[in-house]
Amino acid sequence: MGFHNIINLITTSFLSVAAISIKDAAKDFRIGVATNSMRFNDDAYIRATKKFNYMVAENGCKLSSIQPWKGFYMYYDCDAHLAKAEELGMAFRGHCLIWHSYQPQWFQEITDPQEMENTIVDHITNVLNHYKGKIDTWDVVNEAIDDESTGEDGTWDMRDSFIYRALPNFVDIAFKTAREVDPSVKLFYNDYDIEGDDIREGKKANSVYNFVKDMVERGVPIDGVGIQYHLHTDKVVTYENVMKNIRRFNDLGLEVQITEMDINSVEGNTEEAFDLQAKLYGEALKACLDSENCTGFIIWGVGDGDSWRKEGYPLVFNSDYTPKPAYYAMLDILKKYNNIEDNGEEEEEEPVFNIDELEAVRDLADGFRIGVATNSMRFNNVNYNKATNKFNYMVAENGCKLSSIQQWKGAYMFYDCDAHLAKAEELGMAFRGHCLIWHSYQPQWFQEITDPQEMENTIVDHITNVLNHYKGKIDTWDVVNEAIDDESTGEDGTWDMRDSFIYRALPNFVDIAFQTARKVDPSVKLFYNDYDIEGDDIRDGKKANSVYNFVKDMVERGIPIDGVGIQYHLHTDKIVTYENVMKNIRKFNDLGLEVQITEMDINSVEGNTEEAFDLQAKLYGEALKACLDSENCTGFIIWGVGDGDSWRREGYPLTFNSNYTPKPAYYALLNTLKEYKNITIDEGETGDTESIDDNKDDTTEADDYTGDVENETPENVEEDEDNDLENAEEDEDNETPENVEEGGDNEADDDSEADNDTEAEDDTETEDEDNGKGNGKGNGKGNGKGNGKGNGKGNGKGNGKGNGKGNGKGNGKGNGKGNGKGNDDITLLVEKHKKEGNLLHDDIDYPLQNFQTLLHHLYLIIIKKYYQKYQYTNELELKKIVIILKISY
């Protein structure tokens, strides 16, 4: 796919922010933003957030985040949001307790009424008890009314969700339970397209009014209604109609809050569009302020780049967190409402680091592969791409894993992995495949396989399909990831296999995976990848020895393996010496195997202090030197670009700050490469003056969006792709951010090491980190049979070492054709449906320049027929296309 600019970029110059903030002007009125804890390490994001006084978590307080496995309550993300709100002096709103969409598989599968009731009661009871006295307002139920409900004669139609089918009175039960558990909490019902008579001719608004009116009359405890307020600049509601709608809830004795406001600019980021957007934001806020029962106002995101509707520039801050006209419109409304004089003072502009002037690591690497793990969610950020392009090697954090490619059994979806490969080609970077088989964070259908033959067939089919799809494009793959148990001692040449669901079903799965990969594509280098195997300093060298014994046995039995990936996740107080890394790498060299450092990051346990970053830089430099000094070390990957993108972001573990200014660690890599090439190092080239305001994201811009799965996330923070398809056929106007929000709801089996949203102890590193590298030698190791080891003690070793190293340096460039379908094909496809009257909107700009644009417009097509999906040989239903969009957006 070729990704090009669709619209002009937002200016990079810094706008001055008025000295008085919305928070100051609002006084006691609650006005705020929805936040994502993935961005809490970004200073610019935080500075923008604290211009407000009210916060809600986009995803962190939902059932899918708190209870991804039945009965296991994990509050870490919701707790993180609440803690940040308290730190910034902001009130906090709970969202949401019960919702039908994007829920764990175990919840979706409940059909028994009593089980559903018990589940709802247990969840609400646990959550409200956990947050008793801390959160004073909760959305109890979200989006329970059907979009096509007419509201005639005081009626309403319930949404035909899995919850409603199991338990038709679930709303009553949810609200009654919430009141019983915490009588002090205000209980809200929340929905979209209910702003006023302008939207859906007022039919859904009337239906929701009838619904809550009935609740009030029957004595079901409810305190308020949340009006989501997702509009476009060409789908608006008048001030008068909003007022009318809010006031009739007042007649029922109910509060109202505007809960998820955003306004898409259908005209793009033009001055005229932003002026209209500002007018609409101002009118919405004025309607709320002019209504005595409107007690809060929430914008659904901080900067445009964070929004689920980012392509429409819908929020009040640009992607670089500079304010837009909409911000000033709301500020002016609040000043007038509270009679606040503007003193005209402005904050000083802050200096901007020019990343274009930064010397590139890739220019000193001389063909040595050194790179970063990327997340396509960030490909719309210009400085993210510029920082990425300082390297010559790329791996996808999540996009090429089984959980991304084959979320539904047999339905292969390569869109995200394709997007990463396309970006690598665009930037002139080699690309590493990660990973084919892994036990953690996998779809439910995969975890439930227990039959050995079915497991073998699944592994063979997946590897065959993926390697055939990328034949000639990706020259190195992590075939198996983290198969050795953390507590394995490595004594007497032994190892212990991890007791994963894959191993339990098929003990010799590693042999089968590697043999299949070699058979499908003999030219690809095949790696085994693992963590805590850097050297004798880590776990006393026991796991490192175990992995060495394991792959040595593979080599001796003729199982085709070409290399080992050493993940290299450390802390500034958990380190490995240069000598021990060298010793470990050379052991693999004696087996004829390459090594790559595949997922490097180093947490600063001391925080973002100068001393901690100097130590971090030293450790990065030593790791790279050990690799360069080892003839069999052929690649070096850092697990992320900027600190704010990292799964360990709270430890500032990477070589760029969150705003993509370089840290001392980046200069350490530069200097190590210069020393290796005998290049004089300039004085002051240590990063002391280059990193302006550590981790301040003030230099990002909006670029063309190409979509991704994080989960801007490492492996364990993958976008929730297991979620139900209930809302798959909703059109964009009906779609809510909940339906496309980023995930963290994936389900891992009990063997997974740590949740990627939280920092893992190094003893239990998450696979979240694995990416791999690869280039070079291309050994074809023979094809010994290999049998299952049981507990992996490794007796009865096979023979058949297999020589024949093969050739082929392989630069991983691939020869993909870009987006496969040319612009003309895309234009014709959309034009065809436009003529047939299938499009929601006729104002489509041509040419449609990339795959993401095609997806965007397919999303607007309301038809039930089948489509030929991009680069697919099979046809997927429209609902699956919509789900793809939800994941990528």
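**Disulfides and free cysteines**

Both Cys-288 and Cys-294 lie buried in this structure, which is a predicted model. These two residues are joined to each other by a disulfide, with 1.9 Å between their sulfur atoms. The torsion about that S-S bond is about -90 degrees, so the Cys-288 to Cys-294 disulfide is left-handed.

A search of the whole structure turns up four disulfides. One of them pairs Cys-627 with Cys-633, again with the sulfur atoms 1.9 Å apart. Its torsion about the S-S bond is about -95 degrees, so this bridge is left-handed, and both Cys-627 and Cys-633 are buried.

Another bridge connects Cys-61 to Cys-78, at an S to S distance of 2.0 Å. Here the torsion about the S-S bond is about 90 degrees, so the disulfide is right-handed. This pair links distant parts of the chain, 17 residues apart: Cys-61 sits in the loop between strand E2 (54–57) and helix H3 (63–66), and Cys-78 belongs to helix H4 (residues 76–87). Cys-61 is buried, at 1% relative accessible area, and Cys-78 is buried too, at 0%.

When the bonded cysteines of the protein are numbered in sequence order, they pair as 1-2, 3-4, 5-6, 7-8. Cys-96, by contrast, takes part in no disulfide, and the nearest cysteine sulfur, that of Cys-61, is 9.5 Å away. Cys-96 is nevertheless buried, with a relative accessible area of 2%.

And why does Cys-435 form no bond with Cys-400? The sulfur of Cys-400 is the closest cysteine sulfur to that of Cys-435, but the distance is 9.5 Å, too far for a bond. Cys-435 is buried as well, with a relative accessible area of 1%.

Terms used:
Residues numbered from 1 in each chain as written. Predicted model: local features only at pLDDT ≥ 70, side-chain atom pairs only at ≥ 80, totals over all residues. Heavy atoms only, no water. Disulfide = S-S within 2.5 Å. Helix = DSSP H or I, 4+ residues; strand = E, 2+ residues; numbered from the N terminus. Buried < 20%, exposed > 50% of the residue type's maximum accessible area, 1.4 Å probe, protein only.
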